[in-house]
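Here's a quick tour of one model, written for someone who likes to check things by eye. Have a look first, then read on.

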Amino acid sequence: MPAIRGLASGRIYPESRLGELFKGLSGSVVSEFESLARIETYFPGEILYEETQEPSHLLALLEGRVKLSMASCLGKRFAVRIVKRGELLGLTEVLSGNRLEFTAEALCKCRIALVHRNEFRRILMHNPNAYGSLVHDIGRDYKYACDRLRMVGRASSVQIKLARFLLDSCETGLHTKRGIRLYLAFTQREIGEFLGVSRETISRAMRELQRLRLVHLSGPLLLIPNRIALAHYAELHGCVDEHGRFPAQDLSTHSRAVRSSKAKSASGGPAARIASALR
């Protein structure tokens with residue numbers, strides 16, 4: 001995998017990946033990109049760029065996590081996704097020349113490689129074989145946005161939205177004898193931004209899930225005793241395999257399974273589905 005060199009420090013950042021941009025490209029192209037990259041450090045809460053700005057650089061996340069969000073017509077913020085190490089930011093806008101669609105905020109200490117958009121376009125002009133990887137990245141981002149809208153828009157209650165959000169978070173959890181234990185990296189206000197509701201609404205929904213013994217929350221530590229039971233509550237039990245596992249992709253993509261599970265459980269409420277899962 002390519003490495004991006006900080007021009008000021010000379011430090012090399014291995015395994016940066018930069019999405020799949022450099023896959024299949026020659027070493028000379030990689031070296032050219034490295035020579036043009038400028039390394040910047042951002043700290044938690046710092047803004048990398050804001051929506052409606054003109055895109056000036058392509059950004060590649062070398063270390064850390066970045067939240068992408070947008071403002072609603074009512075002035076509230078809606079979190080769209082979390083960008084992780086090795087992904088690109090501002091790719092679509094740099095290629096199209098349109099204004100930036102999201103605000104990017106550092107969630108932790110981040111190191112970012114920046115290449116001016118004109119330099120990036122020049123590299124692409126001389127290396128058209130890179131477009132295939134870029135189309136893949138843009139398609140992935142589009143699919144993720146559709147999945148997020150589907151999860152938020154189709155769920156029948158805030159509790160179900162929250163249950164699906166927590167199920168998505170299970171991929172980073174630790175499997176124990178008591179269930180899946182994970183560190184909840186977001187505050188209730190931040191979770192509300194992902195689901196399009198207030199902090200108070202998330203607090204009430206979390207209490208309901210705890211009352212049903214679907215989750216146990218102690219500070220930032222969350223325990224999911226029975227993943228299948230939580231999936232039944234979230235109307236996603238059709239997506240669970242015989243070992244209680246979910247596919248690696250976003251749970252909200254399984255809309256066909258969700259519709260099927262709704263039809264099968266139409267005669268029983270959440271309590272009946274949970275009782276069935278625990279048998």
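In helix 3 (residues 117-126), the buried residues include F120, I123 and L124; buried here means under 20% relative accessible area, exposed means over 50%, and partly exposed is in between (1.4 Å probe, protein chains only). Seen down the axis of helix 3, its buried residues fall within an arc of 100°, so they line one face of the helix. That arc is taken from the directions from the helix axis to the C-beta atoms. Flip to the other side of helix 3 and you'll find M125 and H126 exposed.

A word on ground rules: this is a predicted model, where local features need pLDDT of at least 70, side-chain atom pairs count only at pLDDT 80 or more, and totals for chains, interfaces and linings use all residues. Residues are numbered from 1 along each chain as its sequence is written, and side-chain values use heavy atoms, with hydrogens and water left out.

Zooming out, the chain has 10 helices and 14 strands, which are DSSP runs (helices H or I, at least four residues; strands E, at least two) numbered from the N terminus. Of its 279 residues, 46% are buried. Among contacts (heavy atoms within 4.5 Å) between residues at least 6 apart in sequence, 69% join residues at least 24 apart.

Now for a helix pair. Helix 6 (residues 188-195) packs with helix 7 at an angle of about 100°, their axes 8 Å apart. That makes helix 6 roughly perpendicular to helix 7, a label for angles of 65 to 115 degrees (under 35 is roughly parallel, over 145 roughly antiparallel, the rest oblique). The axes are lines fitted to C-alpha atoms over the stretch in contact, and angles run from 0 to 180 degrees between N-to-C directions. On the helix 6 side, Q188, R189, I191, G192 and L195 meet R199, I202 and S203 in helix 7. The residues of this contact divide into three nonpolar, three polar and two charged.

Finally, which non-glycine residues have a positive phi, of about 80° and about 60°? They are T52 and R213. Most residues other than glycine have a negative phi.

| Residue | Phi | Loop between | Relative accessible area |
|---|---|---|---|
| T52 | about 80° | strand 4 (47-49) and strand 5 (57-63) | 52%, exposed |
| R213 | about 60° | helix 7 (199-211) and strand 13 (216-218) | 68%, exposed |

How values were computed:
Nonpolar A, V, L, I, M, F, W, Y, C, P; charged D, E, K, R; others polar.
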